[in-house]
Amino acid sequence: NDFTTDRNIQNEMEVLRSRSVVSRTINELNLDVSYFLVGNFKVTELYSNCPIVFTYDTLRYFAYEIPVRIHVLDSRAYRISYTDPVTDSEHKQVCLFGARVSNGLGTFTVDKRGSFNDLAYNNKKYQKRTFELHFMTKESLISKYRQSITIALPNKTASILTISMEEPVPEKAIDFIDKLIDVWLRTNIEE
């Protein structure tokens, strides 16, 4: 009977890091776009505290290989810029928040989140207005998160698991593990 319990725990450890459970977790958290604040001296990854959100219908293949810059001009508009690696030409375009845009990068919308401060961005002296976006394919995200997660038994007699992961943004790791467990629980209920 101890063998069966041990085997069930080992099976659940594999299910937790399985491709399907990790994939569903990634889908529910929208982790395909990473946001960075570009300062004078450093670039800081933002997560849920980014004041803008980039939502795309389509992206050109090269978007996954290059950084895309968004410079907030004021509370209504931003400038998007990127370098097309095929032609090595820089593209810049001024767009309005909330408007659907179609250009060489793809079809997308940039919206303001609740943390967007209209007064600050309308003040020309406000400096925290340049963001860099990095896009990741679903396949690369699945691989990244499956490799970064650690699932272990605290000791041989334990019937609980320890789940941890390495991530530069602790809040993102916490959200991922919480959502992973939620997805795993729902998967067990569905079966």
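This briefing describes how two helices pack against each other and how charged side chains pair in the structure shown above. The model is a predicted one. Its helices H2 (residues 19-29) and H5 (residues 170-190) have axes that come within 9 Å of each other, and the residues of their contact include nonpolar, polar and charged ones. The salt bridges in the model come to eleven, and among them are pairs that link distant parts of the chain, such as Lys 179 with Glu 28 and Arg 69 with Glu 132.

**Packing of H2 against H5**

- The axes of helix H2 and helix H5 cross at roughly 120°, an angle that falls outside the range of 65 to 115 degrees counted as roughly perpendicular and is not over the 145 degrees required for roughly antiparallel, and the two helices are therefore oblique to each other.
- In terms of handedness, H2 passes H5 in a right-handed crossing.
- On the H2 side, the contact is made by Val 21, Val 22, Arg 24, Thr 25, Ile 26, Glu 28 and Leu 29, while H5 contributes Asp 175, Phe 176, Lys 179, Leu 180, Asp 182, Val 183, Trp 184, Arg 186, Thr 187 and Glu 190.
- The residues of this contact divide into eight nonpolar, two polar and seven charged.
- Thr 187, which is found in helix H5, has a relative accessibility of 12% and therefore counts as buried.
- Leaving aside neighbours within four places in sequence, Thr 187 is in contact with Val 21 and Arg 24, both of which are listed among the H2 residues of the helix contact.

**Salt bridge and network between H2 and H5**

- The side chains of Lys 179 and Glu 28 meet in a salt bridge, with an N to O distance of 3.5 Å, and this pair joins helix H5 to helix H2 across 151 residues of the chain.
- Lys 179 is partly exposed at a relative accessible area of 22%, and Glu 28 likewise counts as partly exposed, with a relative accessibility of 33%.
- Glu 28 and Lys 179 also belong to a network of salt bridges in which they are linked with Asp 182 and Arg 186.

**Salt bridges between strands**

- Side chains of opposite charge can pair when their charged atoms come close.
- Arg 100 forms a salt bridge with Asp 57, and the closest N and O atoms of the two residues are 3.0 Å apart.
- Because Arg 100 lies in strand E7 (residues 100-103) and Asp 57 in strand E3 (residues 52-59), this pair ties together parts that are 43 residues apart in sequence.
- Arg 100 has a relative accessibility of 60% and so counts as exposed.
- Arg 69 forms a salt bridge with Glu 132, the closest N and O atoms being separated by 3.1 Å, and the pair links strand E4 (residues 68-72) with strand E9 (residues 130-135), its two members lying 63 residues apart.
- Within this pair, Arg 69 is partly exposed at 34% relative accessibility, whereas Glu 132 is buried, with a relative accessible area of 13%.

**The loop after E9**

- Thr 137 lies in the loop between E9 and helix H4 (138-148), and at a relative accessible area of 31% this residue is partly exposed.
- The C-alpha atom of Thr 137 is separated by 29 Å from that of Phe 41, a residue 96 residues apart from Thr 137 along the chain.

Key:
Residues are numbered from 1 along each chain as its sequence is written. This is a predicted model: local features need pLDDT of at least 70, side-chain atom pairs count only at pLDDT 80 or more; totals for chains, interfaces and linings use all residues. Side-chain values use heavy atoms; hydrogens and water are left out. Axes are lines fitted to C-alpha atoms, for helices over the stretch in contact, and angles run from 0 to 180 degrees between N-to-C directions. Helices (H or I, at least four residues) and strands (E, at least two) are DSSP runs, numbered from the N terminus. Angles under 35 degrees count as roughly parallel, over 145 as roughly antiparallel, 65 to 115 as roughly perpendicular and the rest as oblique. A crossing is left-handed if the near helix is turned anticlockwise from the far one by less than a right angle, and right-handed if clockwise. Contact means heavy atoms within 4.5 Å. Ala, Val, Leu, Ile, Met, Phe, Trp, Tyr, Cys and Pro count as nonpolar, Asp, Glu, Lys and Arg as charged, and the others, Gly among them, as polar. A salt bridge is a side-chain nitrogen of Lys or Arg within 4 Å of a carboxyl oxygen of Asp or Glu. Buried means under 20% relative accessible area, exposed over 50%, partly exposed in between (1.4 Å probe, protein chains only).
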